[in-house]
Amino acid sequence: MKEFELKQQGKIKRLTNKTFKFDDRIKDGWFSAVYFLKTKKIVEEHLADNVVTMQFFQKKNAVLCGTDEAIALLHTFADNPEDLEIYSLQDGDKVSPYESVLTVTGRYQDFGYLEGIVDGILGRRTSVATNVYEVVNAAGISGEQKPVIFMGDRDDHYTQQAGDGYAAYIGGSTAQATHAMNEWWGKQGIGTMPHALVQMFKGDIVKATQSYKETFPDDELIALVDYNNDVITDSLKVAREFKDELKGVRVDTSKNMVDKYFFRNQHLMGSFDPRGVNPQLIFALRKALDDEGFKHVKIVASGGFTEEKIKRFESLHVPIDMYGVGSNLLKMKIGFTGDNVLLNNEHEAKQGRKFSPNPRLEKVDYTSE
């Protein structure tokens, strides 16, 4: 059983290195800024008995993520981790600007060199979780919550997928494109067909969909219909062929393309941008499917969707049933700062910073796992 399931069941309070599988070189300072390593050595030789409190915060309204990972890092690589006093919020907590989310008290030389890594963990995980949360909220403003598929596999280095997938889950996306994205929290990746499959059938969407159906008969059948830049024609082709077996069509029209539907209906042009996936195209697709009795076929839309674009579509009640979002969910817009704010339990911090007690913080018990 995954640690995440144990945490959900209340059997453990935090995820550990069994989930995160840290690089052992962290212990050698390989990923720490050199000035932290030099400070560690100086303190060991001159100020070994000093105890500091380090406090972590960021500057936006956000969905916090990365606390379990940061704590596991400290418990795994700090010297004498059992002596550290750690207080923290939980992954998924909503946080305010400058709110303390994590404090660590102990001898500087025991954990100080990990400061930058903790900042990076909290910054990336919270950025992704917050981005996803905002997009998921946007996909529900019409009154019906539309699922959001996290499709960020091609938008960053593959080694980030497990952590990004977990952060996306914390933000509200339970449908994700790769198995790795689901590694920390449980399920398997989902997906149907890429353009490459249609290409190998020379653009024949019916043959491509038939091959998918025969190879994966237990999957929900969802056809990718923009390969020939004629989504209504190709959607009707697969709907007529597979009838009730067809569960959905996915539209992924490039933002630089104008679907052939508009060239056949040029009287519609002039009052809107006809490129890419646009409301008028989706309204026309829904009507075409409904007119032929295919009201059960859902519409999945992907390609260039952002929080703002989804809000616009939802405010217009565009009949999209599920959104696929990729690169926009991975933008880093939240950075964390770790400050030493107490020295031997007395205020000592750089100008402009101070110890900010947060009654929401929970004491963290040490675990060696």
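**Notebook: pockets and the open sheet**

I began with the largest pocket, which holds about 1,100 Å³ of space, and I note at once that the model is predicted. Of the 38 residues that line this pocket, I listed those closest to its centre: Met-151, Ile-190, Gly-191, Thr-192 and Arg-250. I then sorted the lining by class and found 15 nonpolar, 13 polar and ten charged residues.

Next I looked up which strands contribute to the lining of the largest pocket, and found that S9, S10 (298–302) and S11 (322–325) each supply at least two residues. That led me to the sheet, an open one in which six strands follow the order S7-S6-S11-S10-S9-S8 with parallel pairing. Strand S7 (175–176) and strand S8 (221–224) each have a single partner strand and stand at the edges, so one side of each lacks a neighbour in the sheet. I followed S8 to S9 (residues 246–251), to which it runs parallel and is joined by four bridges; in S9, Arg-250 stands opposite Leu-224. Arg-250 had already appeared in my list for the centre of the largest pocket.

I turned last to the second largest pocket, with a volume of about 610 Å³. Its lining counts 24 residues, and those closest to its centre are Phe-22, Glu-69, Arg-125, Thr-159 and Gln-160. Here I recorded helices as contributors: H2 (17–20), H4 (67–77), H6 (115–138) and H7 (161–171) each give at least two residues to the lining, and H6 provides the largest share, five residues. By class, I noted eleven nonpolar, six polar and seven charged residues in the lining of the second largest pocket.

Key. Residues numbered from 1 in each chain as written. Predicted model: local features only at pLDDT ≥ 70, side-chain atom pairs only at ≥ 80, totals over all residues. Heavy atoms only, no water. Pairing = 2+ DSSP bridges. 1 Å grid on protein atoms, 1.4 Å probe; cavity = no way out; pocket = protein on both sides within 12 Å on 5 of 7 lines; lining within 4 Å. Points joined across faces, edges and corners; volume = space filled by probe spheres on them. Nonpolar A, V, L, I, M, F, W, Y, C, P; charged D, E, K, R; others polar.
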